[in-house]
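Reader: Please show me the structure that we are to discuss. I should then like to ask about its parts in turn.

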Amino acid sequence: MSDFEPKLVCFSCNFGWGYLTGGNGLNSQIKNWIPVACSGKIDTTHILDAFKAGADGVLILGCPEGDCHFQDGNFEAKKRVYLLHKLLEDYGIEKDRLKIELSVDPEGKRITQVVKEMGESIGKLGPVKKI
Amino acid sequence: MWKTESIGSARVEDAVKQFLPPCQIRCPINEDIQRTNVLISLLPDDPDSAKEGIIQIGDYLYEKNPFFTVCGYICGLCENDCNYTTKGGAIKRRLLKRFLSDTFTPYLVQKKPLDVKKDKGKVAVIGAGPGGLMAAYELSKRGYTVTVFDSSNKLGGAARYIPKYRLPEQVMDAVVDNLVRIAGIDVKLGVKVGEGGLDLQQLRDDGYKAFFVATGTPYARPLTFGTAEVEGQELDGVMYGLTLLWEVNQGNIPADYYKGKKVIVIGGGNVAFDVARTARRLGGDVTIVCLEIMDKASKDAIPADEEELVGAREEGLTIITSRGVRGITKVDGKLKLDCPLCTSVFDERGFNPQIECADCIDLEGDVILPTIGQMTDRDFLQNEALLNEVGRLQADPLTLQSKVEDVFVGGDVRRIGFLADAMGEGVEAAESIDRYLSGIDLKRGRVKECEPYDAPYRRAYRDEPKHKWVPADRRINFDMFEEGFTLEEAIEEGRRCITCGPCISCKACVSVGIQDDLPVVEVNEDLCSGCRMCVYVCNYEAAQVKEVDGKIVSWTDDLKCKSCGMCVAACPSGARQLVGDKTEGRIKEIYAAL
């Protein structure tokens, strides 16, 4: 288990995370980074496909409650994650493998830390069960 | 073989009907309010790093509106039409611009002059107020050599009457001094066109090819009762409020000028309140008397802004409503006002005060400051043959062209309005003069129909930030009593803007790289089941349904769509997609490599 490097897919909303880094954005800081215009754009199928493709965890970084540039996108994303947690548990995929963090971090200072922490908690769970 | 040329009526015209957020429709300059609100919300929260961003936003605003820093203190017309007004309070756009001004005003002296070849000929602007200076700026940008004439010793026109506790002198000075430098405008202060043999014909002989007359309303309106001028206005101790404002701003009035004196200001408008609160700050015990009544919902409502009424009361001023002034007399060294009751101010005939002479009170004071309106310099207009047969200044409302073909008029001289209104007319006059001197039709394509958008829906709206005023007992000076936004507050207020307007009028996100582009949403009508999930999830009413051959399918109103992708994610049938969006491709790539 100690050699296990969890594969994490990270979606982040451009209006809340890293928009002050300029140029290549957060590519250098996070592996498997997918920038989106709004966390509400992240489809359920995107998340399930990630697990199917072998991701051990999916992290969604959205904007704080009440602060979505597109009004309620982060609320939609939060709903989706909540419902997916229930669904994934039935398939034997632990809740902790899908995480949504709603905050604002224009310079992306905290991202490395957030990703690291999630990596550690996934590490304890081990590789994802094949679905 | 024909030759195609883009001149005259063969020129492509601007769109004449478009959608805009209501704030931009209200703004006489059509400032890019939404775009710059979003850009402010994206500033870093460290003041030093934010400077660079603020200068960029300021430079962008300056292009259309070199007075934007002044607007940050005394405008805010856009806020009256803001959609957020009914949902928690208008976005405080004026304070956002004041925030930008804090950094931009000191930077103005470094701003580089325009790089424009001035080879299109000479234009003269009469009046160096906001209207005249805007026209001069716009014409300079287009390559005209502009000379501005003003009879006073300062640039800025009517803005120079605004008390310093509402508009700091250095903000105004920085704007006008740098504007003439940046635009290369030739300035002739202390020169009154219409006096000393200098008239428009003389200027034509000197080679000026067109004129913009923006002489404003420099004279105070005398008090009248019915049709006659009120007796006693020439008595010692009676001075027009307008004169006081000018003299205070010139620095000619000592700090305790009205200490121990009872001052009565006649008038209920914003200027009367400027005069009254100025007199208070000079140590006076001030009463305001006006025809109108307090009830803001009435036809006879006192014209002054709510903020002025609240501020005045806090500062200890007394406001007496429903009173006219029939006469001024001197009794035992004091000035006595004869004030009958006014029972109605406006009726179907317009301004038509109804007076009840039997109900009359006396008001006593040491100083009387009538401030009931302003008038144009009619002699000048008359001598230049700009008045029509009934004695009115004639000007085409669309082109601002006067009776005389090379003379255009605008601003308060044409119709009394706000500072921004005069600026808007300066912009229009410049366009008219450019077309006139280029031989292009003056009217074509200039009527713009703009429809305002509603606010998008969201689950939770936020209240406006409370105003921050210095307590009234510490306001008896000419410093600004209103505190502006900190960087943090500005970012938060910028975020509160719900971007009512269409993407095509904004593009803030594209300009900073948050979105590469604005992909279009396409609906596959065969897959669409008509379930309306997209309609539910779209906050902008862009996703809608229609009936096609008896089947309900969804479609997207491109003009309202923000390309956020929420409808695409919400669609259970996968009937929607964002055409040209690179996200799907990137996801595939990453998943394949996992």
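The questions and answers below concern helices, a sheet, one residue and the contact of two chains.

Author: This is a predicted model, in which local features need pLDDT of at least 70 and side-chain atom pairs count only at pLDDT 80 or more, while totals for chains, interfaces and linings use all residues. Residues are numbered from 1 along each chain as its sequence is written, and chains are lettered from A and ligands numbered from 1 in the order in which they are written.

Reader: How are helix 10 and helix 11 of chain B oriented to each other?

Author: Helices (H or I, at least four residues) and strands (E, at least two) are DSSP runs, numbered from the N terminus. Axes are lines fitted to C-alpha atoms, for helices over the stretch in contact, and angles run from 0 to 180 degrees between N-to-C directions. The axes of helix 10 (residues 241–250) and helix 11 (residues 270–281) of chain B are 9 Å apart, at an angle of about 55°. Angles under 35 degrees count as roughly parallel, over 145 as roughly antiparallel, 65 to 115 as roughly perpendicular and the rest as oblique, and the two helices of chain B are therefore oblique.

Reader: Which strands of chain B stand at the edges of the open sheet?

Author: Two strands pair if DSSP finds at least two bridges between them. Five strands of chain B form the open sheet with parallel pairing, in the order 4-3-2-5-17. Each edge strand has a single partner strand, so one side is left without a neighbour in the sheet; these are strand 4 (186–189) and strand 17 (407–409) of chain B.

Reader: Which residue of strand 3 of chain B stands opposite B:Ala124?

Author: Strand 2 (residues 122–126) and strand 3 (residues 145–150) of chain B run parallel and are joined by five bridges. Opposite B:Ala124 in strand 3 of chain B stands B:Thr147.

Reader: Is B:Lys551 buried or exposed?

Author: A residue is buried if 20 or more other C-beta atoms, placed from the backbone, lie within 10 Å of its own, exposed if 12 or fewer, and partly exposed in between. B:Lys551 belongs to strand 21 (residues 551–556) of chain B. Because 12 other C-beta atoms lie within 10 Å, B:Lys551 is exposed.

Reader: How many residues does chain B give to the contact with chain A?

Author: Two residues are in contact if their C-beta atoms, placed from the backbone, lie within 7 Å. Chain A gives 30 residues to the contact, and the number from chain B is 28.
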